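Hi,

Here is the structure I promised to pass on. Have a look, and my notes follow below.

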Amino acid sequence: MVPSLALAQDAQTAPAAIPANDSATPPAAVPASDATVAANAAPVIIKYTVRVDAPGDLKELLEDNLDLERFRDSPRMTREQLFRLVRAAPEQIRTLVSTSGYYTPEVSVTFDRAATPAVVDVKVVPGEPVRVGETDLVLEGFAPNPEQPADKQFDATTLKASWPLKKGAVFRQDEWEGAKRAILRQVVQTRYPRAQLTDSRATVDPEEHVANLRVVLDSGPEMRFGDLRIEGLKRYPDTVVRNLNPIKPGDYYSEAALQAYQSKLQDTGYFASVEVSADLSAVLDQQLATADGAPTDPDAPVVAAAAAAKSMDPLPLLVRVTENKRKNVSAGVGISTNTGNRASLTYDDLQVFGLRMKSALTLETKKQTAKADMYFPITPEGYNHSIGVTYERSDIAGEVTAVSSIAGKRAWGTPLLERSFTLELLSETKSVGALPKVTSKSLPLTYAVTWRRLDNLLLPTKGYAINAQIGGAVLPVLTDEKFVRGYLRGVYYKPFGASSNIILRAEAGALGSGSKNGVPSVFLFRAGGDQSVRGYAYQELGVKEGDATIGGRYLATASAEYQYWFKPTWGAAVFYDAGNAGDRVKDLHPKSGYGVGARWKSPVGPLNVDVAYGHAVQKYRLHFSLGFTF
């Protein structure tokens, strides 16, 4: 279909809106002398607007990329330059819309200088899109390894089935390029890091509206990991690196394994930077050595290449690190809507008797904490052992407690499944109002497990996380009151449309003991605050004792929140929370809170600012929290 271009279509009858001497092809009726004068005249700067009439996606595409739009606000735009852009627009429009699968569009570009400002009208009727026809996906190489069982062979059938451009889909250029990158990425991230696309073609038949595709993917040699090499260690023993290595010599090459290893090393705190990679230079050296043979037999290069592919040496596993400073001191100030004003001082030392020490002093309005932890190097089996001492004093809801503790912990697992055992020796002094102080001691053992199935561990929008704890002090050893305690908490994220999501949260806890007296307060339950029932002060929901609130044997809370993201990083929320704590299940009369909030996806996690109304206390309360805590 020939586009309609009002500027130059008919030299004899230009549109009334465009004077003849403004035409890109001057009409025959214009005298030569007038044309000469116009050519010698000073250029006239012109302002104009562009109106695009096209279906939604195409309209956005043209408005973002069309030269008429890109140069519209140029301070040096003249009529002559504008006419050149208008003449070029139809072909540019065809090229742009073809990337979205439309190869036979009807294009009209007209210019009305009589309007103020001048107007360029662009109209596009895209027509029938070109759709994907047959896809010829050729896999070269990928030969079965006779040394491996069937379940260890590379699954070429699944690779072919994963090709994302299915027959009948609209053929779009960005999706075509993305499909090629995706299938190549699947291969190079596994056991074939030298794989490459040797051919890719899209044959488009505009009349039949079909694009037939051909992609040839060569696997290259199959690669395995070799021995570990470490560079950059000066102060710390190599066991800090070796004990975290999950990759064994002979394992197939895997980028996922490299990234997981690198993440583990970064989390240790010993290193300012970590790079974990396979040393591909060893492969290049071997290939160059093979090429130096210069075989004369015409078939020899093919045979040599096949032999090299099967006999490639393992890739050395290379770890490059830059060590952190041994000692680090930091200070900070802040505020919490739970515990008030805050000042903190931390001191870390990465080499204390061969261990890593982390210590902190935190002073808040309602709570003061001093702690120091010593971390042993992670064992080859993946266990992380630590010991620590803590002193904490708090004055919350009329209950004043001072707790001293010594704890030993064994932790293991991954961010998707974390597990730990903690053995603590606690001594607590508690006072409520004018009542005499009560001192108790306990030696509890707690097992904790956390499951995470989230699309993003920092800014989750889909999936769930669950934390479960079971423990207690069941032996009469350094324990005033035997008890058993269980706690369960879960959060669930579900997308709700393209720009909103729902968050459901719940927690429950129970304590079994002959008496509450003698059980440290940290093992009892209270509710209220930023991460519990909003609209209430921190831990203000529980068992009333005079004017104070103390912990109960049971806990149950729940929350529902709807978030709407009006921009990628900015959103708003409405929520409803309910829950309570008590000494009997029938005392768990839920206290409700509800309100609205603002959300910002910060680089360190979600920033939440909420205004909540506590229905039971008939007060509004501001809540502030940062990060995803679970």
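Which residue forms a salt bridge with Asp 349, and how far apart are the closest N and O atoms? The partner is Arg 326, with 2.9 Å between those atoms. Before I go on, keep in mind that this is a predicted model.

Back to that pair. Asp 349 sits in strand β12 (residues 340–352), while Arg 326 is in the loop between β10 (315–323) and β11 (327–336), so the salt bridge links parts of the chain 23 residues apart. The two ends differ in exposure: Asp 349 is buried at 4% relative accessible area, whereas Arg 326 is partly exposed at 36%.

**Other salt bridges**

The count for the model comes to 30 salt bridges. Here are a couple more that you may want to pull up.

- Asp 121 pairs with Arg 51, the closest N and O atoms being 2.7 Å apart. Since Asp 121 belongs to strand β4 and Arg 51 to strand β2, the pair ties together parts that are 70 residues apart in sequence. Asp 121 is partly exposed, with 24% relative accessibility.
- Asp 136 and Arg 214 meet through their side chains at 2.8 Å, N to O. That one connects strand β5, which holds Asp 136, to strand β7, which holds Arg 214, across 78 residues. Both residues count as partly exposed: Asp 136 at 37% and Arg 214 at 29%.

There is also a network of salt bridges, made up of Arg 505, Arg 534, Glu 561, Asp 577, Arg 599 and Asp 610.

**Nonpolar cores**

The largest nonpolar core has 27 residues, and those with the most contacts inside it are Tyr 48, Leu 68, Leu 82, Ile 93, Val 120 and Val 122. Elements that give two or more residues to this core are β2 (48–53), α2 (56–65), α4 (79–98), β3 (106–112) and β4 (118–125). Helix α4 provides the largest share, eight residues. Apart from this core lies another one of 22 residues, with Ile 247, Tyr 253, Leu 258 and Leu 317 among them.

If you want one residue to start from, try Val 120. Neighbours within four places in sequence aside, its contacts include Tyr 48, Leu 68 and Leu 82, and those three are also on the list of residues with the most contacts in the largest core. Val 120 is in contact with Arg 51 too, the residue that forms the salt bridge with Asp 121.

**A three-stranded sheet**

Strands β5, β7 and β6 make an open sheet in the order β5-β7-β6, with mixed pairing. The edge strands are β5 (131–140) and β6 (196–205), each pairing on one side only. From one strand to the next, the twist averages 10°. Strands β6 and β7 (residues 210–218) run antiparallel and are joined by nine bridges. In that pairing, Gln 196 stands opposite Asp 218 in β7. The Asp 136–Arg 214 salt bridge described above has its residues in β5 and β7 of this sheet.

**Two buried spots**

Thr 369 is in strand β14 (residues 367–375) and is buried, at 12% relative accessibility. The side chains of Thr 369 and Glu 392 are joined by a polar contact of 3.5 Å. Leaving out residues up to four places away in sequence, Thr 369 also touches Thr 390 and Tyr 391, among others.

Gly 597 lies in strand β27 (residues 591–602) and is buried as well, with a relative accessible area of 13%. Its contacts beyond four places in sequence include Gly 571, Phe 575 and Asp 610, and Asp 610 is part of the salt-bridge network. The C-alpha atoms of Gly 597 and Leu 622 are 9.5 Å apart, with their positions 25 residues apart along the chain.

**Backbone oddities**

Most residues other than glycine have a negative phi, and most peptide bonds are trans. With that in mind, here are three places to check.

- Thr 116 and Pro 117 are joined by a cis peptide bond, with omega about -5°. Pro 117 is in the loop between β3 and β4.
- Gln 539 has a positive phi of about 55°, and is in the loop between β22 (500–513) and β23 (543–545).
- Gln 618 has a positive phi near 55°. This residue is in the loop between β28 (605–614) and β29 (619–626), and is exposed at 59% relative accessibility.

Cheers

How values were computed:
Residues numbered from 1 in each chain as written. Predicted model: local features only at pLDDT ≥ 70, side-chain atom pairs only at ≥ 80, totals over all residues. Heavy atoms only, no water. Core = buried A, V, L, I, M, F, W, Y, C linked by side-chain atoms within 4.5 Å. Buried < 20%, exposed > 50% of the residue type's maximum accessible area, 1.4 Å probe, protein only. Helix = DSSP H or I, 4+ residues; strand = E, 2+ residues; numbered from the N terminus. Contact = heavy atoms within 4.5 Å. Pairing = 2+ DSSP bridges. Axes fitted to C-alpha atoms, helices over the stretch in contact; angles between N-to-C directions. Salt bridge = Lys/Arg side-chain N within 4 Å of Asp/Glu carboxyl O. Polar contact = N/O pair within 3.5 Å; in protein donor to acceptor, adjacent residues only side chain to side chain.
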